[in-house]
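I opened the notebook with a short list of things to look up in this model, and I put down each entry as I went through it.

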Amino acid sequence: MVPKRLTAAACAAAVLIMCSACADSSDKKSTRKKAADKSDSSVERTVSDGEDKSSENSPKNDQMPLMTASQSENMTRLCDFLQSDSYSLRMTYTDAEGKNTDIYRVVDGDNYYQLQKNDVGQSGSIRKDGQSYDFDFVCGICRKSSADKLDSLIETVVSEDLPATATHIDGEDAALYDVEEYTYTGATYIAVMDICFDKDTGMPVKYTTTYLFESDDDLVEQRTFDELLPRSAFINSDETPTDGEDKPGEVDTSVIDTAFIDQLTDFDSLTEEQRMGYCKAIFVTAGVTDDELEGEGFSEEKLKNISYEDLVYLVYNYGYDNEY
């Protein structure tokens, strides 16, 4: 079975949106770190046993469509949207266990803001004036980040011009939407992405990503597009605002404001003793028990050097009577 911690980390990760970077499920700490720090486009493309498996999960040559991602008008238009200077989107992410996370992203030039909200609380990432941060309101912490943009598997599929495949396309989806599928081979896993576009407008509706591991069950995630602005990137709109109203589809960049960061605790600046004390206080408030910490391999001494990712994972997975 795919470790529960992998999906929990993906939900709590600061850079989630289109991606939840997965890795070898036997390396749990590496998985959590990649889910929080990297996007799918940064996953190494090295030859491994996982790549050998791709031939088992790909369609036969005579079934392989000739189209590639760069030849798909729908995919390239979506990729162009995600690489544009100004846009916003709202999305619902559903993990392998059926838990939902609402995602809101705003991009304005080199600046961005992304917020994830689920049953536990809110977390995200922000960049303004060359400074990037990850933040988590549940734990009350933040940290500086080296991320200068938010990438996605969609952009990787197009940039690498992957050929279309047809291994997981759902028949019901195919009847309702224009469905395109692409298979990305990572170092220790294979990701099969089925993306649905509106037949009339070409607007993306949702996409499902199935991660195939060597020794675990498949992990299936779904992301539903709730709002994409400006709409003119996909649909020409002749809507006219009335006096005093914003233009329809206008991107609200006011959320890209780092003032709130000063109200959070800089996790990286804490000493070992401060970190241990802070974490113990958070665990008491959240209801994370000593038995749960011990089960995850965290002794009191180890809390002195606990990572940002591990703290967030423990609180989201065990805190507030919620096993997310």
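Helix 8 came first in my reading, and I noted that Arg275, Met276, Cys279, Ile282, Phe283 and Ala286 are buried there. Since the model is a predicted one, I treat every value below as computed from predicted coordinates. Looking down the axis of helix 8, I found that its buried residues fall within an arc of 130 degrees, so they line one face of the helix.

I then asked what the face of helix 8 turned away from its buried side carries. I found the exposed residues Val284 and Thr285 on that face. On the buried side, I recorded that the residues of helix 8 pack against helix 9 (290-295) and helix 10 (308-318).

For the geometry of helix 8, I wrote down that residues 272-286 make up its 15 residues, and that the span from its first C-alpha to its last is 21 Å, close to the 21 Å expected at 1.5 Å a residue. Just after helix 8 I came to Gly287, which takes a positive phi of about 85 degrees.

My next entry concerns the largest pocket, for which I noted a volume of about 230 Å³. The lining of this pocket comprises 16 residues, and I listed Leu82, Val107, Gly109, Lys149 and Leu150 as the closest to its centre. When I looked up which elements give two or more residues to the lining of the largest pocket, I found strand 2 (100-108) and strand 3 (111-117). Sorting the lining residues by character, I entered five as nonpolar, four as polar and seven as charged.

I also looked up Gly124, which I located in strand 4 (residues 122-128). Is Gly124 buried or exposed? I have Gly124 down as buried, because its relative accessible area is 0%, and the cut-off for buried is under 20%. From Gly124 I went on to Phe137, and I noted that the two are 13 residues apart in sequence, while their C-alpha atoms are 8.7 Å apart in space.

I closed with the chain as a whole, in which I counted ten helices and eleven strands. Of the 324 residues in the chain, I recorded 52% as buried. For contacts between residues at least 6 apart in sequence, I noted that 59% join residues at least 24 apart.

Technical notes:
Residues are numbered from 1 along each chain as its sequence is written. This is a predicted model: local features need pLDDT of at least 70, side-chain atom pairs count only at pLDDT 80 or more; totals for chains, interfaces and linings use all residues. Side-chain values use heavy atoms; hydrogens and water are left out. Helices (H or I, at least four residues) and strands (E, at least two) are DSSP runs, numbered from the N terminus. The expected span of a helix is 1.5 Å times one less than its number of residues. Buried means under 20% relative accessible area, exposed over 50%, partly exposed in between (1.4 Å probe, protein chains only). The arc is that of the directions from the helix axis to the C-beta atoms. Contact means heavy atoms within 4.5 Å. On a 1 Å grid over the protein atoms alone, a cavity is a set of points where a 1.4 Å probe fits but cannot get out, and a pocket is an open set with protein on both sides within 12 Å along at least five of seven lines; lining residues have an atom within 4 Å of a point. Grid points are joined across faces, edges and corners, and a volume is the space filled by probe spheres set on the points. Ala, Val, Leu, Ile, Met, Phe, Trp, Tyr, Cys and Pro count as nonpolar, Asp, Glu, Lys and Arg as charged, and the others, Gly among them, as polar.
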